[in-house]
Amino acid sequence: MKPTSPLPLVAVLVFTCGWVLPLQAAGPADAKQSGSGAVERLVDAPQPKPYYAWPSSPPAGCPFAKSDTLVGIAFTGRHAEYTGADTWYPSWAADGNLYSPWTDGNVNGLGSGSGGENATTGHATILGDDPLHLVVTNQGVFKSSPRPYEGRYPCGSLVYDGVWYYGTYCLHPSGSVTHEGALYNWPWLGPFVGFRWSADFGKTWTQTPCTPEKPLFGEHALKGEPVKISAPHFVDFGRNMEHSPDGKAYLVAQGSSDGGNRRFAYNSWITADDVYLIRVTPSIANMNDASKYEFFAGHDAQGNPVWTGDFQKIRPVAEWRDHMGCVTMTYNPGLKKYLMCVTDGGTTVSRYNTYVLESDRVTGPWKLVTHMSNFGEQAYFVNLPSKFINKDDGRGLWLCYAANFSSGWGGTTFKSQPPGSRYGMCLQEIRLLKPGEDASPDLLHSPANIARTAEVTVSSTHPDYSAGGAVDGVVGGYPDHIEREWASRGERDTAMIRLTWPAPQTINRVLLFDRPNDLDQVTSGMLIFSDGSTISTGALPDNAQKGLEVSFVPKTVQWLIFAVNRTKPGTQNIGLSEIAVFAVQP
Ligand SMILES: [Ca+2]
Ligand SMILES: [Ca+2]
């Protein structure tokens, strides 16, 4: 897309926490006044930190107190993405492999789609111990009718003592619904059906005796009624459930108990009010027999958890009306903590918020580790595979999720944020922070750098490069990290990059970093702002060890362009390794 073409509006990631960056006054020795009143100077390229925290921004009314021991999540930037399907919930089996459901996409060329009469759900084996180098194999699909519902999807999946229990649940009324002018994806949860099982790691399956009409726990929701156990997920107790407190399998499920006068998609595959907890001793005989289950029913007067065989007495193990959604739980043996991942799915097609809760007990009480607004920007089915928890202190883990399935719906495009978020199985390395542990972002990763939230368009892009490399927060490029820079396709003095925000931004500083290679260099350029003003710039340091900082009197603009005016002789494909734009702190 050319910089001058009309651009769709996108919402930006808005951080409300109190990041304050010193407004660096230009020093007299190295500063240079340009003709337009702007000041230029050279600044060092920030050294990437080993990890940086995702800001925690719980909304007002968050019912969970902050954790004293786990005070945030930092990202190392290491990530890997696999396949073209979502719904990954790996279960760590005794043989050391992971086994997972998947659907709505393809794995190694095999497709699965979970909507309609011929709905299928996929299964696959995940080989390998290094999250960056896994092999997804032995893919297969299994057909199960959702009728009388419209969708039948994978949920709880467990491989225990060589038997794979694979749960499915129903969705309704359609994967795309317009209600009162607004778009929704599967706005209603249906019942949890039951577990099919396999004793040969997915080669053959025995269907559950339960059906959508006669589901395991007897809940029905053809008209959007509230359900409590629809899409349960197994608490991940480690390899072959080695850390289960009592040998039982536990499942958490998002649900609601109140369906009166609610918003349209109040209880969907990604929105809910409550989390419910159930348990069962896993066996082929037990898994599809509701009488073998116990339901968490609150705490007694002494604060001890109460378990009941009466489904009517089930009570939430956590609740936050209109702010819950898909839920998973993992036991972390290094920390001796239960970690619960919850995604609040907004309207079902909006950006999502994901938060992590911790507790010493599977029944809570729960404390907040972090609330990551717009994580993904639309991450869902978030879980923490126990196989990838580090063995020493338990603070190094990998988040598993899918992202941005509805990007483009209704004209809204989502960014891959953090980078590596896409439709598929995404694995992202994280660190659980201790109190006082510094994981503040570097300058380019700080929320004050609003270039990272802009829509980026460029005059051209060289094959294998992307415009997004200019706003990924890292100064880098050819030859080791071409994903870290933008290179044009054979342009020199015609190349342009444009950053556009959905709303006006008040800014006072731009940082420009050249491509680090010594062949291509910007020797002069121009910043063009949507208010009609321009600032001419000098050369960018060729090796990008330093960048050119341009400071100016604050201006309020909705877009800016950096246009290359001149390049070093011999330049072949001009570009930028990074552009940063700083908003004035309110
Ligand atoms: Ca970059
Ligand atoms: Ca260069």
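The following exercises, each with a worked solution, concern the predicted model of one protein chain.

Local features are reported only at pLDDT of at least 70 and side-chain atom pairs count only at pLDDT 80 or more, whereas totals for chains, interfaces and linings use all residues. Residues are numbered from 1 along each chain as its sequence is written, and chains are lettered from A and ligands numbered from 1 in the order in which they are written.

**Exercise 1. Overall dimensions and domains**

Task: Determine whether the radius of gyration of the protein chain agrees with that of a compact globule, and locate the domains.

Solution.
- Step 1. The radius of gyration is taken over C-alpha atoms, and the globule rule is 2.2 Å times the number of residues to the power 0.38.
- Step 2. Because the chain has 586 residues, the rule gives a value near 25 Å; the chain has 26 Å, which agrees.
- Step 3. The C-alpha trace spans about 80 × 50 × 50 Å along its principal axes.
- Step 4. Domain 1 comprises 32-46 + 443-583 and domain 2 comprises 73-432, with bounds from an automatic or database domain assignment.
- Step 5. The centres of domain 1 and domain 2, taken over C-alpha atoms, are separated by 41 Å.

**Exercise 2. Secondary structure and the five-stranded sheet**

Task: Describe the strand order and the pairing in the open sheet of five strands.

Solution.
- Step 1. Helices (H or I, at least four residues) and strands (E, at least two) are DSSP runs, numbered from the N terminus; the protein chain has one helix and 36 strands.
- Step 2. Two strands pair if DSSP finds at least two bridges between them. In this sheet the order is 3-4-28-27-26, and the pairing is antiparallel.
- Step 3. Strand 3 (52-53) and strand 26 (379-383) are the edge strands, each pairing on one side only.
- Step 4. Strand 3 is joined to strand 4 (residues 73-82) by two bridges, and Y52 stands opposite F75.
- Step 5. Strand 27 is joined to strand 28 (residues 425-432) by six bridges, with L399 opposite Q428.
- Step 6. Strand 26 and strand 27 pair over three bridges; the bridge partner of A379 in strand 27 is A403.

**Exercise 3. The nonpolar cores**

Task: Identify which residues touch the most other members of the largest nonpolar core, and which strand gives the largest share of that core.

Solution.
- Step 1. A residue is buried if 20 or more other C-beta atoms lie within 10 Å of its own, exposed if 12 or fewer, and partly exposed in between, with C-beta atoms placed from the backbone. Buried residues make up 52% of the 586 residues.
- Step 2. A nonpolar core is a set of buried Ala, Val, Leu, Ile, Met, Phe, Trp, Tyr and Cys residues joined through C-beta atoms within 7 Å.
- Step 3. The largest core has 108 residues, of which M340 and Y401 touch the most other members.
- Step 4. Strand 27 (residues 396-403) gives the largest share of this core, seven residues. Seven of the eight residues of strand 27 are buried.
- Step 5. Two residues are in contact if their C-beta atoms, placed from the backbone, lie within 7 Å. Leaving aside residues up to four places away in sequence, Y401 touches A379, Y380, F381, V382 and C426.
- Step 6. A second, separate core has 44 residues, among them A454, V458, L540 and F562.

**Exercise 4. The three-stranded sheet and D161**

Task: Describe the open sheet of three strands, and decide whether D161 is buried or exposed.

Solution.
- Step 1. The strand order is 11-12-15, with antiparallel pairing. Strand 11 (151-160) and strand 15 (188-198) are at the edges.
- Step 2. Strand 11 and strand 12 (residues 163-172) pair over eight bridges, and S157 has Y166 as its bridge partner in strand 12.
- Step 3. D161 lies in the loop between strand 11 and strand 12. Its phi is positive, about 50°, although D161 is not a glycine.
- Step 4. D161 counts as exposed because it has 11 C-beta neighbours inside 10 Å.

**Exercise 5. Further backbone features**

Task: Locate T83 and state why it counts as buried; then place the cis bonds that precede P365 and P479.

Solution.
- Step 1. T83 lies in the loop between strand 4 and strand 5 (84-86), with phi near 65°.
- Step 2. T83 counts as buried because it has 22 C-beta neighbours inside 10 Å.
- Step 3. The peptide bond joining G364 and P365 is cis, with omega about 5°; P365 is in the loop between strand 24 (353-359) and strand 25 (367-372).
- Step 4. The bond from Y478 to P479 is cis, with omega near 5°; P479 is in the loop between strand 29 (455-458) and strand 30 (486-487).
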